[in-house]
Amino acid sequence: MEFLILIGLIVAIIWLMKYFLRKVLHIPRVKRKAFSYNHINKTHRNFEWILRVFTVIAYVYLSFLLMYEDFSVNLFLLIMTLLFTAQNFLRAYFEWKSTDQPKESILSIAEGVMLLGIVLLLIQFDVIYKFAQSQ
């Protein structure tokens, strides 16, 4: 239960950060369909699919290492976060180069940096280990 609260808190922090950045930097809202891919152009779609395939392969390999080898959970979490934020940075690049709203890239970069910072704080303060101990 505490883990779900932590995830909800992280989502809320990222949402608030994006909301305030929109207000402060006067970034208009772009209409997007919920749960769709929202690719900027064909090149973005191709690069994102390549990154997704690589990410899935890496997740499977890292999961194997985590379960059957002596692999650090913190390193696993960090690598997963880096792969996830790589998609944000890829989106930011294509938003900056190929859209009529290049300020949207600021939000994508901020979201990636914020998520990476939160995960680094979780690792630094060993929050995952403390959750495992309390269970």
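What is the volume of the second largest pocket? In this predicted model, the volume of that pocket is about 270 Å³. The legends below start with the whole chain and then move to close-up views.

**Figure 1. Overview of the predicted model, a protein with 5 helices and 0 strands.** From the N terminus on, the order of elements is α-α-α-α-α. Along the principal axes, the C-alpha atoms fill a box of roughly 50 × 30 × 25 Å. The protein has 135 residues, and 28% of them count as buried. Among contacts with a separation of 6 or more, 69% join residues 24 or more positions apart.

**Figure 2. Lining of the second largest pocket, made up of 14 residues.** The pocket, with its volume of about 270 Å³, has Ile7, Ile10, Leu77, Leu115 and Val119 nearest its centre. Two or more lining residues come from each of helix 1 (2-25), helix 3 (73-98) and helix 4 (104-124). Helix 1 gives the most, with 5 residues. Sorted by class, the lining has 13 nonpolar residues and 1 polar residue, and no charged residues. Leu115, one of the residues nearest the pocket centre, is also among the buried residues of helix 4, and so is Val119.

**Figure 3. Helix 3, its N-terminal cap and its buried residues.** The 26 residues of helix 3 should span 38 Å at 1.5 Å a residue, and the end C-alpha atoms are 38 Å apart, so the two values agree. At the N-terminal end, Ser72 acts as the cap: one of its side-chain oxygens lies 3.2 Å from the backbone nitrogen of Asn74. The buried residues of helix 3 are Phe76, Thr81, Leu83, Thr85, Gln87, Asn88, Leu90, Arg91, Ala92, Phe94 and Glu95. Helix 2 (42-68) and helix 4 are included in what covers them.

**Figure 4. Surroundings of Glu95, a residue of helix 3.** Glu95 has a relative accessible area of 1% and therefore counts as buried, the cut-off being under 20%. Its side chain makes a polar contact with the side chain of Ser108 at 2.8 Å. Ser108 is itself buried in helix 4. Beyond neighbours within four places in sequence, Glu95 is in contact with Arg32, Ile40, Gln101, Pro102, Glu104, Ser105 and Ser108. Of these partners, Glu104 and Ser105 are also listed among the buried residues of helix 4.

**Figure 5. Surroundings of His44, a residue of helix 2.** The relative accessibility of His44 is 0%, so the residue counts as buried. The side chain of His44 reaches the backbone nitrogen of Ile40 at 3.0 Å. Ile40 is also one of the residues in contact with Glu95. With residues up to four places away in sequence left out, His44 touches Asn38, His39, Leu90, Arg91 and Phe94. Leu90, Arg91 and Phe94 are among the buried residues of helix 3.

**Figure 6. Helix 4 and the contacts of Ile118.** Helix 4 has 21 residues and reaches 30 Å from its first C-alpha to its last, close to the 30 Å expected at 1.5 Å a residue. Its buried residues include Leu107, Ala110, Gly112, Leu122 and Ile123. Which residues does Ile118 touch, not counting those up to four places away in sequence? They are Ile10, Ile13 and Ile14. Ile10 is also one of the residues that lie nearest the centre of the second largest pocket. Ile118 has a relative accessible area of 11% and therefore counts as buried. The C-alpha atoms of Ile118 and Arg45 are separated by 28 Å, with the two residues 73 residues apart along the chain.

**Figure 7. Loop residues with positive phi, His26 and Asp126.** His26 is found in the loop between helix 1 and helix 2. Its phi is near 55°, a positive value in a residue other than glycine. With a relative accessibility of 65%, His26 counts as exposed. Asp126 comes just after helix 4, in the loop between helix 4 and helix 5 (127-134). Phi of Asp126 is likewise near 55° and positive, again in a residue other than glycine. Is Asp126 buried, partly exposed or exposed? Its relative accessible area is 28%, so Asp126 is partly exposed.

Notes
Residues are numbered from 1 along each chain as its sequence is written. This is a predicted model: local features need pLDDT of at least 70, side-chain atom pairs count only at pLDDT 80 or more; totals for chains, interfaces and linings use all residues. Side-chain values use heavy atoms; hydrogens and water are left out. On a 1 Å grid over the protein atoms alone, a cavity is a set of points where a 1.4 Å probe fits but cannot get out, and a pocket is an open set with protein on both sides within 12 Å along at least five of seven lines; lining residues have an atom within 4 Å of a point. Grid points are joined across faces, edges and corners, and a volume is the space filled by probe spheres set on the points. Helices (H or I, at least four residues) and strands (E, at least two) are DSSP runs, numbered from the N terminus. Ala, Val, Leu, Ile, Met, Phe, Trp, Tyr, Cys and Pro count as nonpolar, Asp, Glu, Lys and Arg as charged, and the others, Gly among them, as polar. The expected span of a helix is 1.5 Å times one less than its number of residues. Buried means under 20% relative accessible area, exposed over 50%, partly exposed in between (1.4 Å probe, protein chains only). Contact means heavy atoms within 4.5 Å. A polar contact is a pair of N or O atoms within 3.5 Å; within protein, one must be able to donate a hydrogen and the other to accept it, and residues adjacent in sequence count only if both atoms are side-chain atoms.
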